[in-house]
Amino acid sequence: MNKKFLENIKKFNMLCKNEHIIVAVSGGADSMFLLSNLVELKTELGLKITVAHINHGVRRTSLRDENFVIDKSEKFGVDVKIRRVDMEAYAKEQGLTDEEAGRVLRYKFFRELSKGKDKIFLAHNANDQAETVLQRIIRGTGIDGLSAMDYVSCDLYRPMLNIKRDEIIDYINKNNIEYVDDETNFMDIYGRNKIRLNVIPYIEENFNENFVDSLIRLSEISSENFKFIKRQVDDYISYNYYDSSLNISNLVNKDKYFISEVLRGFLKIELGTIEGISSVNINDIIEMILSKDSSSVTLTKGKEIELSYNKIYLKREHSLQNEEFIPLKEGINETVFGKIRLVYNGVYTNSKNLVSIDADKLNGTLNIRSRRNGDKFIPLGMTNYKKLKDFFIDEKIERRKRDIIPLVCDDNEIVWVVPYRLSGKYSVNKDTKNIVNIILEEKNDRY
């Protein structure tokens, strides 16, 4: 076995006994190096290996590669799964480059085979790592982008990240391991190929013969720095993220870089990805946070981040706004707001999600709805009407919640702003004869 390969397997605890692994094999030198070294461990660890090969349907020689992988897998005594795709058609359909489309299709295939439980082994090497770092520098990246690829990332395992391509070729030749060359690797038709064939050789020849090593060191240092920062960012988010909002009261005095990383972490949670979120977007949110003024920032594709009462959140449109009256009957009422129970001839009770009202003060029947323009009521403890909007402001209720707060009403006006305040017009007193208890038994957390 290659010494570095075995050291990486042990150092990062990549393999356990008697487990099933997926090995991505194109048939090229890198992937045959990966497969042959894993096969060396197959008997010792009782591994079950499935080779995954994807035929992109681009080159005339792709069928040759497919047959080569099938043949070598059979000789190694391992299972092999093949998938044929039309990479170029998929790229056009999804609006991707050919490189991006190929990557998406490969990982989709690998993960279908792994079924979310098996490790996926990839043949990325030190040169691939250096090329990735340089490619990201050219596009523009932060410290997380400079970290490039990890030896272990979720279900992906890369035991060759510190092994250079010339070391791989040397090992392959000395051990008489056959492989096939993808001729497109030697054509500068893709961005990565141009970096590999033109940019890096030029820099090595004219500026730094150890440029690949320099890029790898940059990646390793950046990775350690980013892991340190990420631990602090994750801690902040875990203590301050709740109910799809982030409390920023403890963020305003932090360094701007730290704030930006917290925002990226928050947006990843809310959006699933921060692809398309620019540094301008992040800076605009930072300025909004530092100004401490309730405001909003428009992101990509019409998404908005709002700030209200020391919290930021992704603005969402809710179908409950301007909802028509929903009539309430005695007993349990299943509504879009949740479960509301009405108990007539009840006993006066006082608790957070329950109000007792004087039934004889009601005008018509009880209903429930969301707010409307011009809404007002007399909050318990006051004698005059107050605009609902002003009540929300005084109570520091976030703007995102105002349209989805249920309002229990009779035919004329608001009876209860659930669960914040009862209207004083309907409160129970010593002359009350008939009581209705209104109970919010279960809130619909989707709203």
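**Sheets, helix crossings and a few odd residues**

Seven antiparallel bridges hold strand β14, residues 338-344, against strand β22, residues 435-443. Hello everyone, and thanks for coming. Before I go on, please keep in mind that this is a predicted model.

Let me stay with that pair for a moment. If you want a register point to look at, take R341, whose bridge partner in β22 is I439. β22 also pairs with strand β15, residues 354-358, again in the antiparallel sense, this time over five bridges. There, V355 has I438 of β22 as its bridge partner.

Now step over to β14 again. Five bridges join β14 to β13, and these two strands run antiparallel. I332 is bridged to R341 in β14. You have met R341 already, as the bridge partner of I439 in β22.

So what order do the strands take in this open sheet? Reading across, it goes β13-β14-β22-β15, four strands with antiparallel pairing. The edges are β13, residues 331-335, and β15, each of which pairs on one side only. From one strand to the next, the twist averages 20 degrees. As a general reminder, strands of a sheet pair through backbone hydrogen bonds, either parallel or antiparallel.

On to another sheet. This one is open as well, with five strands in the order β12-β16-β19-β20-β21 and antiparallel pairing. Which strands stand at the edges here? They are β12, at 326-327, and β21, at 421-422; each has a single partner strand, so one side of each is left without a neighbour in the sheet.

Inside that order, I'd like to zoom in on β16, residues 367-369, and β19, residues 407-409, which pair in the antiparallel sense over three bridges. I368 finds its bridge partner in β19 at V408.

V408 deserves a closer look. This residue sits in strand β19. Is V408 buried or exposed? With a relative accessible area of 0%, V408 is buried, because the cut-off for that class is under 20%. Setting aside neighbours within four places in sequence, V408 is in contact with L328, L366, N367, I368, I414, V415, W416, V418 and I438. I438, you'll recall, is the bridge partner of V355 in β22. For a sense of span, the C-alpha atoms of V408 and N175 are separated by 79 Å, with their positions 233 residues apart along the chain.

V418, one of the contacts of V408, brings us to a backbone feature. The peptide bond from V418 to P419 is cis, with omega near -10 degrees. P419 itself lies in the loop between β20, at 414-417, and β21.

Let's turn to the helices. In general, two packed helices are described by the angle between their axes and the distance between the axes. The first pair I'd like to show is α2, residues 29-45, with α8, residues 165-174: they pack at an angle of about 60 degrees, with axes 10 Å apart. That makes α2 oblique to α8, and their crossing is left-handed. On the α2 side you'll find A29, D30, M32, F33, S36 and N37, meeting R165, I168, I169, Y171 and I172 of α8. By class, that contact has seven nonpolar, two polar and two charged residues.

The other pair is α6, residues 126-139, and α9, residues 191-206, whose axes come within 10 Å and cross at roughly 100 degrees. That makes α6 roughly perpendicular to α9. D128, E131, T132, L134, Q135 and I138 of α6 make the contact with G191, R192, I195, R196, V199 and I200 of α9. What is the make-up of this contact by class? The residues divide into five nonpolar, three polar and four charged.

While we're on helices, a quick word on E100, which lies in helix α5, residues 98-114. E100 counts as partly exposed, at 38% relative accessibility. From C-alpha to C-alpha, E100 and H56 are 12 Å apart in space, and 44 residues apart in sequence.

Finally, two loop residues with unusual signs. N18 is not a glycine, yet has a positive phi of about 60 degrees. N18 is found in the loop between α1, at 3-11, and β1, at 20-24, and counts as exposed at 63% relative accessibility. Y309 also has a positive phi, near 50 degrees, in a residue other than glycine. Y309 lies in the loop between β10, at 304-308, and β11, at 311-314, and is partly exposed, with a relative accessible area of 28%.

That's my tour. Thanks for listening!

Terms used
Residues numbered from 1 in each chain as written. Predicted model: local features only at pLDDT ≥ 70, side-chain atom pairs only at ≥ 80, totals over all residues. Heavy atoms only, no water. Axes fitted to C-alpha atoms, helices over the stretch in contact; angles between N-to-C directions. Parallel < 35°, antiparallel > 145°, perpendicular 65-115°, else oblique. Contact = heavy atoms within 4.5 Å. Nonpolar A, V, L, I, M, F, W, Y, C, P; charged D, E, K, R; others polar. Pairing = 2+ DSSP bridges. Left-handed = near helix turned anticlockwise from the far one by under 90°. Buried < 20%, exposed > 50% of the residue type's maximum accessible area, 1.4 Å probe, protein only.
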